[in-house]
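Here's a quick briefing to read with the structure open beside you. Take a look at the fold first, and then we'll go through a pocket and a pair of helices.

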Amino acid sequence: MTAAERHALHERLAAARAARDAEQARIHAEARERAAKLWARSAPAGDDHPYLVRKAVHAYGLRQLRQQLVVPLRDTDGTLHSLQFIAADGRKTLLTGGRKRGCYHAIGRPERALCICEGYATGASIFEATGHATAIAFDAGNLEAVARALRSKFPRLALVICADNDIATPGNPGLTAARKAA
């Protein structure tokens, strides 16, 4: 390729990246609006939801919409970006188009330490066992992004990455992601 052709290619790639980023921002904005409406329509969840009873944990900051628990995904500023829905049988889904990266659900207020884990029941169990504030990252792939976001917000606070030990899954993604986040 000539220098002019390389330059033109780089400009086309930059334009395509900008268009993709703009589209993603639009999708995330629409999802934030849907999340806010659904959150407003939902009611505070009680500890008697079948999922919470089976996991033997309480409803910390959860809401309920019909038969599903609703877990908010917020950034470090507290902005609601998306929702996770947990059915009575434990099936989990995320709001389509919502931002997850770096977002979490917080239980408790950070004082001496802040625990970071993958799922709601794990986070609630950690909070109940330790009394330490807990941030739920929703999955192994989001642990590092949440840890980075919370490190920026709380530069002097002890962060404890709580790994899911997925020993039966090849590559043990929970432990692998937790080590990387740590």
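How much space lies in the largest pocket? About 220 Å³, going by this predicted model. The chain around that pocket has five helices and nine strands, and the C-alpha trace spans about 65 × 35 × 35 Å along its principal axes.

**Overall layout**
- Reading from the N terminus, the elements go α-β-α-β-β-β-β-β-β-α-β-α-β-α.
- So the chain opens with a helix and ends with one, going by the order of its elements under the numbering used here.

**The largest pocket**
- The pocket, with its roughly 220 Å³ of space, is lined by 19 residues.
- If you want to find its centre on screen, look for D75, Y104, H105, A106 and K153, which are the lining residues closest to that point.
- Several elements chip in: β3 (68–74), β6 (105–107), β8 (133–136) and α4 each supply at least two residues of the lining.
- The largest share belongs to β8, which gives three residues.
- By class, the lining breaks down into nine nonpolar, five polar and five charged residues.

**Helices α4 and α5**
- Besides supplying part of the pocket lining, α4 (residues 143–153) packs with α5 (residues 173–181).
- The axes of these two helices sit 8 Å apart, at an angle of about 25°.
- Why do α4 and α5 count as roughly parallel? Angles under 35 degrees fall in that class, and theirs is about 25°, so the pair is roughly parallel.
- As for handedness, α4 and α5 make a right-handed crossing.
- On the α4 side, the residues to click on are L143, E144 and A147.
- Their partners in α5 are G174, A177, A178, K180 and A181.
- Sorted by class, this helix contact comprises five nonpolar, one polar and two charged residues.

**To recap**
- The pocket lining draws on both strands and a helix, with β3, β6, β8 and α4 among its suppliers.
- The α4 and α5 pair is roughly parallel, with a right-handed crossing.

How values were computed:
Residues numbered from 1 in each chain as written. Predicted model: local features only at pLDDT ≥ 70, side-chain atom pairs only at ≥ 80, totals over all residues. Heavy atoms only, no water. Axes fitted to C-alpha atoms, helices over the stretch in contact; angles between N-to-C directions. Helix = DSSP H or I, 4+ residues; strand = E, 2+ residues; numbered from the N terminus. Parallel < 35°, antiparallel > 145°, perpendicular 65-115°, else oblique. Left-handed = near helix turned anticlockwise from the far one by under 90°. Contact = heavy atoms within 4.5 Å. Nonpolar A, V, L, I, M, F, W, Y, C, P; charged D, E, K, R; others polar. 1 Å grid on protein atoms, 1.4 Å probe; cavity = no way out; pocket = protein on both sides within 12 Å on 5 of 7 lines; lining within 4 Å. Points joined across faces, edges and corners; volume = space filled by probe spheres on them.
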